Amino acid sequence: MDRLFFALGSISGFLGVALGAFGAHALKARLDAELLATFEVGVRYQMYHAFALLAVGWAQTRWPGSVLSASGWLFVAGTVIFSGSLYVLVLSGQRWLGAVTPVGGVALLAGWLCLAWAVWKG
């Protein structure tokens, strides 16, 4: 599992940098400031949680367990739902996706709690 979460964190970080560059260069002239800021929030949270996945991968080498694995999967799901819904909202104009975003935020929060619990109990 440690290698899997390291790989997922690395891929997420790569995509975060690529999407950040896309937003800064390709979208800057096409979007108003509010939508661009929304896209940047998605990128920022994706990058934070790419590092969180790297932390989970490292923690798996010291304190492996199901709660730690749950933490990693919650970070993956939370990133896809939170950041992904913001990207799709900005690029498609589908405002209803804003209602989905908090579900991803809850998954990210739960991931942090599971990480803390797994390390504490480790």
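This section describes the fold, the helix packing and selected residue environments of a predicted model.

The chain contains four helices and zero strands. Read from the N terminus, the order of elements is α-α-α-α. Along the principal axes, the C-alpha atoms occupy a box of roughly 50 × 25 × 15 Å. The radius of gyration is 15 Å, which agrees with the value near 14 Å for a compact globule of 122 residues. Of these 122 residues, 39% are classed as buried. Contacts between residues at least 6 apart in sequence are mostly long in range, since 74% of them join residues at least 24 apart.

The exposed surface of the chain amounts to about 6,900 Å², and 71% of this area comes from carbon and sulfur atoms. The charged side chains comprise 7 positive and 4 negative groups. A distance of 9 Å separates the centres of the two sets.

Helix α1 covers residues 2-27. Its 26 residues should span 38 Å at 1.5 Å a residue, and the 35 Å between its end C-alpha atoms agrees with this expectation. The buried set of α1 consists of Phe5, Gly9, Ser12, Gly13, Gly16, Gly23 and Leu27. An α-helix has 3.6 residues a turn, so residues three or four places apart point the same way. The packing partners of the buried α1 residues are α2 (33-62) and α3 (66-92).

Two residues of α2 were examined individually. Glutamine 46 lies in this helix and is buried, because its relative accessible area of 6% falls under the 20% cut-off. When residues up to four places away in sequence are left aside, glutamine 46 touches Ser12, Leu15, Gly16, Leu19, Thr79, Ser83 and Tyr87. Among these contacts, Ser12 and Gly16 also belong to the buried set of α1. Arginine 44, also in helix α2, has a relative accessibility of 39% and therefore counts as partly exposed, a class that lies between 20% and 50%. The C-alpha atoms of arginine 44 and glycine 20 are 8.4 Å apart, with a sequence separation of 24 residues.

In helix α3, glycine 78 has a relative accessibility of 0% and so counts as buried. Outside the residues up to four places away in sequence, glycine 78 touches Ser83, Gly104, Ala107 and Leu108. For alanine 107, the C-alpha to C-alpha distance from glycine 78 is 4.8 Å, although 29 residues separate the two in sequence.

Three of the contacts of glycine 78, namely Gly104, Ala107 and Leu108, are listed among the buried residues of α4. Helix α4 is formed by residues 101-121. From the first C-alpha to the last, its 21 residues reach 31 Å, close to the 30 Å expected at 1.5 Å a residue. Besides the three residues just named, the buried set of α4 includes Thr101, Gly105, Gly111, Cys114, Leu115 and Ala118. The buried residues of α4 pack against α2 and α3. Helices α2 and α3 thus appear as packing partners both for the buried residues of α1 and for those of α4.

Conventions:
Residues are numbered from 1 along each chain as its sequence is written. This is a predicted model: local features need pLDDT of at least 70, side-chain atom pairs count only at pLDDT 80 or more; totals for chains, interfaces and linings use all residues. Side-chain values use heavy atoms; hydrogens and water are left out. Helices (H or I, at least four residues) and strands (E, at least two) are DSSP runs, numbered from the N terminus. The radius of gyration is taken over C-alpha atoms; the globule rule is 2.2 Å times the number of residues to the power 0.38. Buried means under 20% relative accessible area, exposed over 50%, partly exposed in between (1.4 Å probe, protein chains only). Contact means heavy atoms within 4.5 Å. Accessible areas come from the Shrake-Rupley method with a 1.4 Å probe; for residues, only the protein chains shown count as cover. Lys and Arg count as positive and Asp and Glu as negative; His and the chain ends are not counted. The place of a charge is taken as NZ of Lys, CZ of Arg, CG of Asp or CD of Glu. The expected span of a helix is 1.5 Å times one less than its number of residues.
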